[in-house]
Amino acid sequence: MLGEPDYTMNDLFAQLGLDSSDEAIDNFIENNKLAKEEALIDSNIWSDNQRMFLQEEWRKDAAWVEVIDELNVRLHPDA
């Protein structure tokens, strides 16, 4: 989207209040794989505030949507 920032996975993890180092992100993803039928926002890995942020940004198709989609794909390796 023109004029909106390009957020990275590191930015997303920082926004969610999680360790945003590359190693921490890789560890988080490795330790929190989701089943194919489990929706990203329905997972119990998120706090209520994190879930609300993800859901709201996804629904608005906001600047965060691309990196949220990337996280969704990485958490669903068997999808």
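The exercises below, each with a worked solution, concern a predicted model.

**Exercise 1.** Find which residues of helix 4 are buried, and work out how they are arranged around the helix.

*Solution.* Begin with helix 4 itself, which covers residues 65–75 and has Val65, Val67, Ile68, Leu71 and Leu75 as its buried residues. Next, look down the axis of helix 4: the buried residues fall within an arc of 165 degrees, so they line one face of the helix. Then turn to the face directed away from this buried side, where the exposed residues Glu66 and Val73 are carried. Finally, ask what the buried residues of helix 4 pack against, and the partners prove to be helix 1 (9–15), helix 2 (22–31) and helix 3 (48–60).

**Exercise 2.** Place Glu70 in the structure, decide whether Glu70 is buried, partly exposed or exposed, and compare its separation from Met9 in sequence and in space.

*Solution.* Glu70 lies in helix 4. Its relative accessibility is 37%, and because partly exposed covers the range between under 20% (buried) and over 50% (exposed), Glu70 counts as partly exposed. As for Met9, 61 residues separate it from Glu70 in sequence, while the C-alpha to C-alpha distance in space is 8.1 Å.

**Exercise 3.** Carry out the corresponding steps for Ser47, taking Arg59 as the partner.

*Solution.* Ser47 sits in the loop that runs between helix 2 and helix 3. With a relative accessible area of 36%, Ser47 is partly exposed. Ser47 and Arg59 are 12 residues apart in sequence, and from C-alpha to C-alpha they are 18 Å apart in space.

Terms used
Residues are numbered from 1 along each chain as its sequence is written. This is a predicted model: local features need pLDDT of at least 70, side-chain atom pairs count only at pLDDT 80 or more; totals for chains, interfaces and linings use all residues. Side-chain values use heavy atoms; hydrogens and water are left out. Buried means under 20% relative accessible area, exposed over 50%, partly exposed in between (1.4 Å probe, protein chains only). Helices (H or I, at least four residues) and strands (E, at least two) are DSSP runs, numbered from the N terminus. The arc is that of the directions from the helix axis to the C-beta atoms. Contact means heavy atoms within 4.5 Å.
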